[in-house]
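I opened the notebook to look at how two chains meet. After that I turned to what is packed inside.

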Amino acid sequence: MNAITSQDLTLSYQDSVIIDQLDVSVPKGKVTVLIGGNGSGKSTLLKSFARLLKPQQGIVLLNGADIQRKATATVARELAILPQTPVAPEGISVRQLVALGRYPYQSWLQQWSDEDEAMVNRALACTGTLELADRPVDALSGGQRQRAWIAMTLAQGTETVVLDEPTTFLDLAHQMEVLELLRELNQKEQKTIIMVLHDLNLACRYADQILVVHEQTVYAQGVPKDILTEDLVKTVFDLNCRIIPDPFFDTPLCIPFGRERTE
Amino acid sequence: MPEEIIWRWGPLSRRINPVTGYRLAWATVLTLCVVMTSLSLGKVILTPWQVLDILASAETGGVHFIVEQLRLPRTLMAWLVGAALAISGLILQSIVRNPLASPDLLGVTSGASAAAVFYLAFFSMTLGHTWLPLAAMAGAGLAAAAIYLLAWQEGASPLRLVLVGVGISALLAAVTTFLLVFSPLSTTLSAYVWLAGSVYGATWQETQTLSLWLLVQIPLLVFLARQVVVQQLDDSPAQGIGVRVQWLRAGLLFASVALAGTAVAWAGGIAFVGLIAPHIAKKLVLPGFAGQAMMSALVGGLLVLIADLIGRTLFLPADLPAGIFVAALGTPFFLYLLIKQRH
């Protein structure tokens with residue numbers, strides 16, 4: 001079963017085509033990581049998965065149905081997205097931010113149910129932001145803020161979570177913290193995680209499956225071990241490297257040389 | 001930070017903050033005090049007890065006329081105008097995410113001003129002043145609609161709204177000045193009072209019409225209240241949690257323009273309230289639209305009320321436009337709050 005499938009998908013901004021006639025599927029219950037060079041269209045593809053971008057041609061299926069035909073609130077109950085560097089409303093506390101994730105379940109009458117309360121507390125607890133709950137989001141450090149945003153997407157209680165570069169601006173320790181959290185969510189709650197990462201080594205370690213976005217399409221797709229080769233890195237990133245097995249995790253480890261140097 | 005009270009009754013559920021409720025109650029008490037003061041003071045000075053007696057009795061002559069026909073409608077109108085502009089400004093500041101936004105930004109004041117001066121220059125001789133509010137309202141609505149349409153580019157982004165708004169407002173200000181320069185002196189004078197913002201000579205009939213126009217907008221506000229905070233997220237996370245951003249933004253803009261347009265139509269260029277009152281309110285209550293909106297309304301109402309009270313009592317026998325004192329009162333208080341917060 002696939003969480004997301006695209007059929008004949010073409011995405012473009014004004015006149016420039018970003019993704020051209022793509023057929024791809026993302027399996028349920030796995031961690032899928034999108035990699036690719038700057039401007040390759042990873043984020044654009046991710047946006048179309050979350051219905052933030054209307055395809056010029058073709059369709060995106062979310063849980064087997066055309067995402068464009070689903071109601072906005074329905075999509076929000078099936079898939080949560082964390083965009084790159086989001087901005088929180090002025091003065092809002094962490095708990096209030098996380099509570100916004102319950103929006104698709106609320107109505108004018110029902111603005112705060114028992115379930116809303118329970119889901120928000122759970123999201124705060126499992127992202128370790130419970131003790132930050134009453135602090136304003138503006139006052140948090142980068143890592144804390146990112147965890148607060150992840151908590152908001154978790155409060156949405158969706159099966160699929162899409163994240164655009166969730167580790168940007170974080171130091172290595174905080175990057176690991178976020179990735180561990182996401183993997184835990186995947187393993188404990190069978191959530192489908194789809195994200196863009198820039199660090200190839202971390203991508204290989206945490207991904208069940210990698211999608212390489214290159215030249216307006218998915219250039220390669222599969223288990224990291226099978227697809228991350230020196231040739232692929234050369235083609236996609238125009239970078240010479242050596243790939244060795246990671247001595248601790250046995251996933252591919254990429255050692256970059258630079259464009260000119262080969263040894 | 002105090003706990004929120006969660007209130008559930010059948011299918012209804014709400015989160016209520018006790019601190020916000022407490023402060024709103026204080027602001028309401030203060031408002032009632034100022035209303036009493038406003039009814040008591042003027043050329044004829046009365047005690048609050050006399051005012052209560054007068055309001056309770058059914059007589060109509062003398063002081064009864066002064067309190068019930070002159071001071072009461074004017075007091076109510078001042079409060080309503082301030083409250084409407086304040087809520088309008090609060091909504092607008094949240095949409096464009098710019099603390100400097102006021103209803104002026106969407107061309108409400110400039111559109112209403114241009115239309116009002118146009119009306120005063122060409123129609124007031126034949127039609128009198130009866131249709132002036134409607135002309136001003138039409139002007140405000142047209143200017144706002146033009147700005148919204150011109151700013152549209154695959155959706156209306158806050159930044160484009162601000163830029164187009166500034167441009168159109170400048171253009172309309174030029175039209176207003178042009179009309180003023182080529183009008184006879186009598187028109188210029190009445191236009192000038194209107195532009196400064198005044199509730200002078202408000203009658204019961206005008207106050208009733210204004211209340212009706214505002215009353216019909218309340219359901220829209222109540223409906224949109226819970227949506228204001230979600231649209232303060234960026235567009236993508238807002239859409240991600242299931243908000244139809246463009247519809248919501250259009251609805252909120254409409255509410256903001258309708259509120260400000262109505263207020264400006266009856267009281268003229270007093271829109272500075274819409275900039276300052278929401279800021280003061282946001283310092284007094286915690287984030288959350290319903291609480292902020294109620295506090296903004298109370299602060300805005302109070303500001304215009306006090307401004308008008310000063311304008312009509314301190315400089316007797318002159319009766320100065322309230323607009324002058326709104327800025328004179330609001331700015332120092334706002335600066336005081338900012339400085340207090342710094343320490």
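I looked up polar contacts between chain B and chain A, and one residue pair qualifies, both residues at pLDDT 80 or more. A polar contact is a pair of N or O atoms within 3.5 Å; within protein, one must be able to donate a hydrogen and the other to accept it, and residues adjacent in sequence count only if both atoms are side-chain atoms.

I noted that this is a predicted model, where local features need pLDDT of at least 70, side-chain atom pairs count only at pLDDT 80 or more, and totals for chains, interfaces and linings use all residues. Residues are numbered from 1 along each chain as its sequence is written, chains are lettered from A in the order written, and side-chain values use heavy atoms, without hydrogens and water.

I checked salt bridges (a side-chain nitrogen of Lys or Arg within 4 Å of a carboxyl oxygen of Asp or Glu). The rule finds zero across this interface.

I then counted contacts (heavy atoms within 4.5 Å). Here 28 residues of chain B meet 37 residues of chain A.

Next I went inside. The largest nonpolar core (buried Ala, Val, Leu, Ile, Met, Phe, Trp, Tyr and Cys residues joined through side-chain atoms within 4.5 Å) has 158 residues. Buried means under 20% relative accessible area, with a 1.4 Å probe and protein chains only. Leu97(A), Met195(A), Ile91(B) and Ile270(B) touch the most other members.

I followed Ile270(B). Leaving out residues up to four places away in sequence, its contacts include Val81(B), Leu85(B) and Val326(B). Another core, of 27 residues, lies apart from the largest one, and Leu22(A) and Ile194(A) are among its members.

Methods
Buried means under 20% relative accessible area, exposed over 50%, partly exposed in between (1.4 Å probe, protein chains only).
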